[in-house]
Amino acid sequence: VHAIGKMAASKGHVVLKAVKKITVQFCPFESNAKSTREFLTALGPEKVRSTNSNCEIVTEVKHDRSEPIVDVAFADGERLVMKGAHLTAREMLQAFQTKCSSKESQEDVKK
């Protein structure tokens, strides 16, 4: 768990500024849910959550062998859906941070 937090920190901590809602869905009994659970853990620290107090983080724990999914809804209406069964937590965090950074850059350009 600490490795994920350090990993997020090493890339510049997770910033939720451009995010409206994150839905994390997984079946805890499936081995392919590990990276999705680790992604969720990276969103947990108060330092991360304080970057956008209006960002809703929803966890849906399923017991139906469903595929682990992270569904990110941005403030501008765009979505990023990541299927955790085929991605590592690092890959999901990188994709998430890249998308968030580009959203913040677009905001800065508009100002």
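How many disulfides does the structure hold? The structure holds 0 disulfides, a disulfide being a pair of cysteine sulfur atoms within 2.5 Å. We will come back to the cysteines at the end of the tour.

**Before you start**

What you have open is a predicted model, in which local features need pLDDT of at least 70 and side-chain atom pairs count only at pLDDT 80 or more, while totals for chains, interfaces and linings use all residues. Residues are numbered from 1 along each chain as its sequence is written, and side-chain values use heavy atoms, with hydrogens and water left out.

**Stop 1: the whole chain**

Switch to a cartoon view. You should find 4 helices and 4 strands, and from the N terminus they follow the order α-β-α-α-β-β-β-α. Helices (H or I, at least four residues) and strands (E, at least two) are DSSP runs, numbered from the N terminus. Of the 111 residues, 37% count as buried; buried means under 20% relative accessible area, exposed over 50%, and partly exposed in between, with a 1.4 Å probe and protein chains only.

**Stop 2: the sheet**

Now select the strands. The 4 of them form an open sheet with mixed pairing, in the order β2-β1-β3-β4. Two strands count as paired if DSSP finds at least two bridges between them. Colour β2 (56-61) and β4 (79-83): they stand at the edges with a single partner strand each, so one side of each has no neighbour in the sheet. On average, neighbouring strands here are turned by 10 degrees against each other, direction ignored. Such angles are taken between axes, which are lines fitted to C-alpha atoms (for helices over the stretch in contact), and run from 0 to 180 degrees between N-to-C directions.

Next, pick out β1 (residues 19-26) and β3 (residues 69-74), which pair in the antiparallel sense over 6 bridges. Which residue of β3 is the bridge partner of Ile22? Select Val72 and you have found that partner.

**Stop 3: the helix across the sheet**

Add helix α2 (residues 34-42). Helix α2 lies across β1, β2, β3 and β4, running at about 145 degrees to β1. While you are in α2, show the side chains of Glu38 and Lys34, which meet in a salt bridge with 3.8 Å from N to O. A salt bridge is a side-chain nitrogen of Lys or Arg within 4 Å of a carboxyl oxygen of Asp or Glu. Glu38 and Lys34 are 4 residues apart, about one turn of the helix. Glu38 is partly exposed at 23% relative accessibility, and Lys34 is partly exposed at 49%.

**Stop 4: the core**

Select Leu16, Val19, Ile22, Phe39, Val72 and Phe96. These touch the most other members of the largest nonpolar core, which has 24 residues. A nonpolar core is a set of buried Ala, Val, Leu, Ile, Met, Phe, Trp, Tyr and Cys residues joined through side-chain atoms within 4.5 Å. At least two residues of this core come from each of β1, α2, β3, β4 and α4 (89-110).

Zoom in on Phe96, in helix α4. Is Phe96 buried or exposed? At 0% relative accessibility, Phe96 counts as buried. Not counting residues up to four places away in sequence, Phe96 touches nine residues you can highlight one by one: Val14, Val15, Leu16, Val19, Ile22, Phe39, Val72, Leu80 and Met82. Contact means heavy atoms within 4.5 Å. Val15 is 81 residues from Phe96 along the chain, yet their C-alpha atoms are separated by 9.5 Å.

**Stop 5: more salt bridges**

The count comes to 7 salt bridges. Select Lys103 and Asp76, whose closest N and O atoms are 2.6 Å apart. Lys103 lies in helix α4 and Asp76 in the loop between β3 and β4, so the pair ties together parts that are 27 residues apart in sequence. Lys103 is buried at 6% relative accessibility, whereas Asp76 is partly exposed at 47%. Add Glu78 and Lys99 to your selection to see the network of salt bridges that links them with Asp76 and Lys103.

**Last stop: the cysteines**

Finally, select Cys55 and Cys100. Why is Cys100 without a disulfide? The sulfur of Cys100 is 8.6 Å from the closest cysteine sulfur, that of Cys55, too far for a bond. Cys55 is buried at 11% relative accessible area, and Cys100 is buried at 3%.
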